[in-house]
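Biologist: Could you walk me through the terms used for this fold, one by one? I would like to see how each term is earned.

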Amino acid sequence: MIPSPPLFLLLLGLMGAHATAPVSVDLRTAAAMAAGLCNTRPTDLVFIVDSSRSVRPSEFEQVKVFLAKVIEGLDVGPDATRVGVVNYASRVKNELSLKTHKTKAGLVKAVTKIEPLSTGTMTGLAIQFALNVAFSEAEGARVKSPDISKVAIIVTDGRPQDNVKDVAARARDAGIELYAIGVGRVDLNTLKQIASEQLDDHVDYVESYSVIEKLTKKFQEAFCACSNAATDVVFLIDGSKSVRPENFELVKKWINQIIDKLDVSETKAHVGLVQYSSSVKQEFPLGRYNNKKDLKDAVKKMAYMERGTMTGQALRYLTDSSFAPAGGARPGVAKVGIVFTDGRSQDYIGDAAKKAKEQGFRMYAVGVGNAVEDELRVIASQPTGEHYFYTADFKAMTAIAKKLQINICQEEDPCECDSVVKFQKKVEEALQALTKKTGGRVEEDRCTGEQDCLRIHTHTPNTPHNTHPVFTSC
């Protein structure tokens, strides 16, 4: 069981949070972050913040709180996530370059000192500055690589006084992923011109600066990748004649979108690829390629099979061969199967789908066009709603890739045996600070058994019956 929000959020505050996190933040994610179990994938991240005269000083303070909270959820470091801040109005000021601060504490402190410029709104100029300067190697950006994300988050509350469409397109073409956050009377069309595809994932609107912190969770999750998450992922791809060659190329791009979001290495994510139609063909097994470039190149070379749709046969191959040690699967590592199909199976899928789930494989089912949703549900793991996806159009598969990206990540439970020692140490440090602050005493009750990991209670002097559980049974 995750601890009750008020005291747990207090613990987060004692562990260094800049401001009390909103209750809307997912507590399991927050717990993993507090325990140091959730690391962000390497990213060069630049905030581009509007401080024009329409942004009142009190509102600008709320923007800074939002920035600080997002930063708190990042794994900040020279080899992890580097953060920069560009402040703009009629002119642009490079407040923090990507090389300025190497620690989270230093970043947060520097953010609190940023002052508004209080003139016009030259959003296009600010994006151009980020493209030319903030994301340059001279300012601390890393050489372009498939393993390092380039991300800019633009926060604005007004209509720009210059052109943003062309410069935003150049930034996206340069490999920078653009998020656009609009506040109040912002021009929504401008946000759409700025943001990367899919717009639903990259455009956000809040009615006022007072509620901008609601977006904290989204961006913490967007950058969060799991540590110690060794995973064997196998794609099972329908190459039947109904897919058609041009759509098969879109499917390959979709696979590579998902690969881009995985932490591919010899010790973490391994990826295998199987294509099927009337027969089954292993394109490459788990463990053959241990970096994203080689994996994506191999996916691009996959030749379209055509013919029928024997999904049941393909599922049997997945369970009997792809996830077998002889097929490159690693013992004791989480297994994830991603099945893509565009039509009704020509053979029975029930037994093979059941076997895959009984063996503990996490199964995702993705259907396009004429795919049968009842079959997708049979293939998918529970809860079904989180493991099967359908779209009528191949061109809409990008949105599915983004949803799968989050769910593939193996979320570590802070109460699992291999995590509780790290987590407990963090909690004990926080409780020591809590005891000093309150003058109270802390009583810790370690319990045994599969369900009981750790109980901690805090007591306030003169109120012996006022006991609040911080951690109870898992």
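Here we go through the cores first and then the sheet.

Modeller: Happy to help, and please keep in mind that this is a predicted model.

Biologist: What makes the largest nonpolar core a core, and which residues have the most contacts inside it?

Modeller: A nonpolar core is a set of buried nonpolar residues joined through side-chain atoms within 4.5 Å. Here 28 residues form the largest such set, and those with the most contacts inside it include Phe235, Trp254 and Ile338. Among the elements giving two or more residues are β9, β10 and β12, while the largest share, six residues, comes from α10.

Biologist: Which residues is Phe235 in contact with, leaving aside its neighbours within four places in sequence?

Modeller: Contact means heavy atoms within 4.5 Å. On that basis, the partners of Phe235 include Trp254, Ile255, Val271, Leu273 and Ile338. A second, separate core has 26 residues, Val63 and Leu107 among them.

Biologist: Why are β4 and β7 called edge strands?

Modeller: Because each pairs on one side only. The order in this open, mixed sheet is β4-β3-β2-β5-β6-β7.

Biologist: How do you know that β3 and β4 pair?

Modeller: Pairing needs at least two bridges, and four bridges join β3 to β4, so the two strands pair, running antiparallel. One bridge links Asn87 with Lys93 in β4.

Biologist: Which helix packs on the sheet, and what does it touch?

Modeller: That is α3, residues 57–72, which touches β2, β3, β5 and β6. The direction of α3 makes about 170° with that of β2; on a scale from 0 to 180 degrees between N-to-C directions, the two therefore run nearly opposite ways.

Notes
Residues are numbered from 1 along each chain as its sequence is written. This is a predicted model: local features need pLDDT of at least 70, side-chain atom pairs count only at pLDDT 80 or more; totals for chains, interfaces and linings use all residues. Side-chain values use heavy atoms; hydrogens and water are left out. Buried means under 20% relative accessible area, exposed over 50%, partly exposed in between (1.4 Å probe, protein chains only).
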